[in-house]
Amino acid sequence: MKSRLLTIVVSLSIIGGSAVLSPITSARAGGPTEITLALWDEVQKPIIQQAVDVFNKNHRTTIHVTINSTPWSDFWTKLDATLPTSKATDVTWMNVNVRKYATGGVIEPLDKYIASDAYNMQQYVPGRVAAFKVGTSQYALPKGMDAVFVAYNKAIFAKYGVPLPKKNWTWNDMKTAAAAILAGETAAKKTTEYPIVMELDAQPSWINFLYQDGAGFLSADRKTTNVGTPAGIATIQSLVDLMNAKLMAPYNVLSETKGTDIFLSGNAGMVFIGSWKAAVLEKSTLGAAKNIGLIQMPKRGLNNESVAGGLGYAMAAKSAHKAEAWTFMKYITGHQSMTNEALNGIEFPARADSQGAYAKGFANIDAKVIVAAAKSSFAYPSIGIPATTQPMVDAIAQALSGTVPIATTLQAAAAKSQALLDAFYAVKS
Amino acid sequence: MFEGINPLNTLAFRDEIRGAMKKQKQRYNYSAYLYIAPILIGIMVFYLYAFFQNIWLSFNDVGIFGNRKFIGFGNYRTLFHDILFWRALKNTAFYAILGVPSIVILSIGLAWMLNQKIPAQSFFRTAIFIPAITLPAAIGLLWRWLYNSSFGLINHILGWFGIQPIFWLSDIHWVRWSILIVLIWASMSYMVIILLSGLQRIPSVYYDAAQVDGANTRQIFFRVTLPLLTPTIFFVSVVSMIGTFQIFDLIFLIIRPDSAAYQYANSLVTFFFQQAFALDLRGYGAAISVVSLILIFAVTAIQFRVQKRWVNYD
């Protein structure tokens, strides 16, 4: 009998073990309120940690912030799983996915905090404030903004005697320069060197060109797909033409080795690249040799504007410490913290009073180009339901790979996406 | 236990013993459950509950944050009209039909060679076992570089023979073959170890008898070794079939998911992951996993049925 009782007690304590232990670890009586910040970027983390340390010191008795870093590949999956629960990190990095989380009701609308503090949202760039607005509510405070531009290898231009790109250049100017480089490469029998390379994901490449031609990816109200229109088809066709003319590296090459890596290895004349790679350009061998030039994208049909993404800080709707989280969010997007990020070259701030520090952080590349590109930019089009736009993204990849007829593939995919979008909005209204 | 009982004992005595055992069984049942309770509860929560919930989810339209709507067979209907699903199924069949026999045959060959008295035997045994203890992530990254069209070692070596670079990871006709090669390479080592232990379990008397009868090496291999190895071969083919049906990490790590070639290498599991976690279609993902469960179950059942014809349990 005694042994059976013992068995029961031991078994129950094993089963209940976690429940018994957890309160001991989480409650620290009398100490400051513990809040957590979720982010993914190991490059940015040490700089943000500096700001967090200052914040923790200033709020020694009231708030203590801990950074919770998860790699990009797992970040969103983890966020999906934790945000609806009481284990949610109080503050999290947010990007174009804001719509998904706002619609799901798992992040906190910030309007009442902004109103009660009379917090000045004008200090941030209007486009970035708007980017985190879903419906009429504000869901995140802007951190930074990014922009796409062109980096070129001065050594390659010099080697083949091609004049460097000039401000206000056009797509045709770019093609002329690329053709001159190609001629040089052909003469020198350089088969693994390419005039132009680009990344294949949307943001640093084709989504810009779609808008620069006036075609667009989604309409402004995000209810209509534009990829299957004649203008959209022409945009994608123009990229395939570049590859067919050997002015750009073939799809297969770009899909196996990232455009940025080809460029940094000295094997490309020009690359379409985003500001999030600025620190990489700055620290590269090519950059240190002062061989990297930057210029805004060439003008296509309509303009040369860059798509702009950017991060922000959002608050979990399930956070138990919302007041403390808000205090921290104001600080981390504030002048002191953002100027520090700018000086360290990890972020082009979304607040005007910190932007001046950004260009100072670079010695090897002309960061003023990035600032200019960011100023003439439009918001990344996203409706936050990736399944609705995925057919178009897939179709563009297929079209660029040259394995399918471009027009019919894009039209079919746009129609499929349109049906999904219509269904999505029909449920919503 | 019953073997020790004298068959001359009366029926009544036998019943008495059975009755006593039954009582004893009942008495100890409960505490036994308590002993296994911690693991049992774990299995019920993390396996059984998840298993049935997954089946239930496949009949629902599931939002990202747990909100769901019952839609009957809606997900399954969409699935059977989804060209990407059929492509994934075709690829999975390709890996299974070409991969499993290759894995089994090559593993038998290697195991047989390792079982001979060859120089540096332990070196070869270690070398062949290394992929089994290497992280899939490391294998993926390694092969990604070996296969790289511009900088990869494979194309570089092919270049010595004047062969034009092959786009192993981005040509829609090649990607499946690239994955298949890595799959065979990575799966073989574990199977070799199992087959080797199977080979070593074969009593040497059979070999001695065959030799006395004047059989040559080839005859010994096909008439003695292979038939006696069939139980192990059967085990290896079942395990590699299931493993092949679940191929995920190699594809996910070697080919970039945003590449146009990805869907030509997609397996059922990578397709499931993409739909459920990249596109947030949790219910649809559940339906894909249920279909692959049924397929694995059916194929394994067929294997078990067919084994009666070729597996020798001496």
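In the predicted model, strand S6 (residues 141-142) of chain A is joined to strand S12 of chain A by two bridges, and the two strands run antiparallel. Within this pairing, A:Pro142 has A:Gly312 of S12(A) as its bridge partner. S12(A) is also paired with strand S3 (residues 91-94) of chain A, again in the antiparallel sense, and here the pairing extends over four bridges. In that second pairing, A:Trp93 stands opposite A:Tyr313 of S12(A). In a regular strand, side chains alternate between the two faces of the sheet. For S12(A), which spans residues 312-315, both faces are covered, since A:Gly312 and A:Ala314 on one side are buried, as are A:Tyr313 and A:Met315 on the other.

At the level of domains, chain A is divided into domain 1, comprising 31-145 and 309-350, and domain 2, comprising 148-308 and 383-428. The C-alpha centres of these two domains of chain A lie 31 Å apart. The contact between them takes 13 residues from domain 1 of chain A and nine residues from domain 2 of chain A. On the side of domain 1 that touches domain 2, the largest share, four residues, is supplied by helix H5 (residues 98-103) of chain A. By class, that side of domain 1 of chain A has five nonpolar, six polar and two charged residues.

The contact between the chains takes 28 residues from chain A and 29 residues from chain B. On the chain A side, helix H1 (2-15), helix H4 (72-82), helix H12 (251-256) and helix H20 (386-401) each supply at least two residues. Of the elements on this side, H20(A) gives the most, with seven residues. The residues of chain A that touch chain B divide into eleven nonpolar, twelve polar and five charged.

Confidence in chain A is described by a mean pLDDT of 89, with 93% of its residues reaching 70 or more. Over residues 5-27 of chain A, however, the pLDDT is below 50, although this stretch has eleven contacts in the model beyond near neighbours in sequence. Where pLDDT is low, the predicted coordinates should not be read in detail.

In chain B, two residues other than glycine were found with positive phi values, namely B:Ala120, with phi near 55°, and B:Asp280, with phi near 60°. B:Ala120 is found in the loop between helix H3 (83-115) and helix H4 (121-133) of chain B, whereas B:Asp280 is placed in the loop between helix H11 (268-278) and helix H12 (282-310) of chain B. The surroundings of the two residues fall into opposite classes: B:Ala120 is exposed, because 9 other C-beta atoms lie within 10 Å, while B:Asp280 is buried, because 21 other C-beta atoms lie within 10 Å.

The helix that follows the loop of B:Asp280, H12(B), has 29 residues and reaches 42 Å from its first C-alpha to its last, close to the 42 Å expected at 1.5 Å a residue. Buried residues in H12(B) are B:Arg282, B:Gly283, B:Tyr284, B:Gly285, B:Ala286, B:Ala287, B:Ile288, B:Ser289, B:Val290 and B:Ser292. In an α-helix, with 3.6 residues a turn, residues three or four places apart point the same way.

Key:
Residues are numbered from 1 along each chain as its sequence is written. Chains are lettered from A and ligands numbered from 1 in the order in which they are written. This is a predicted model: local features need pLDDT of at least 70, side-chain atom pairs count only at pLDDT 80 or more; totals for chains, interfaces and linings use all residues. pLDDT is the predictor's confidence in each residue, from 0 to 100. Two residues are in contact if their C-beta atoms, placed from the backbone, lie within 7 Å. Ala, Val, Leu, Ile, Met, Phe, Trp, Tyr, Cys and Pro count as nonpolar, Asp, Glu, Lys and Arg as charged, and the others, Gly among them, as polar. A residue is buried if 20 or more other C-beta atoms lie within 10 Å of its own, exposed if 12 or fewer, and partly exposed in between; C-beta atoms are placed from the backbone. The expected span of a helix is 1.5 Å times one less than its number of residues. Two strands pair if DSSP finds at least two bridges between them. Domain bounds come from an automatic or database domain assignment.
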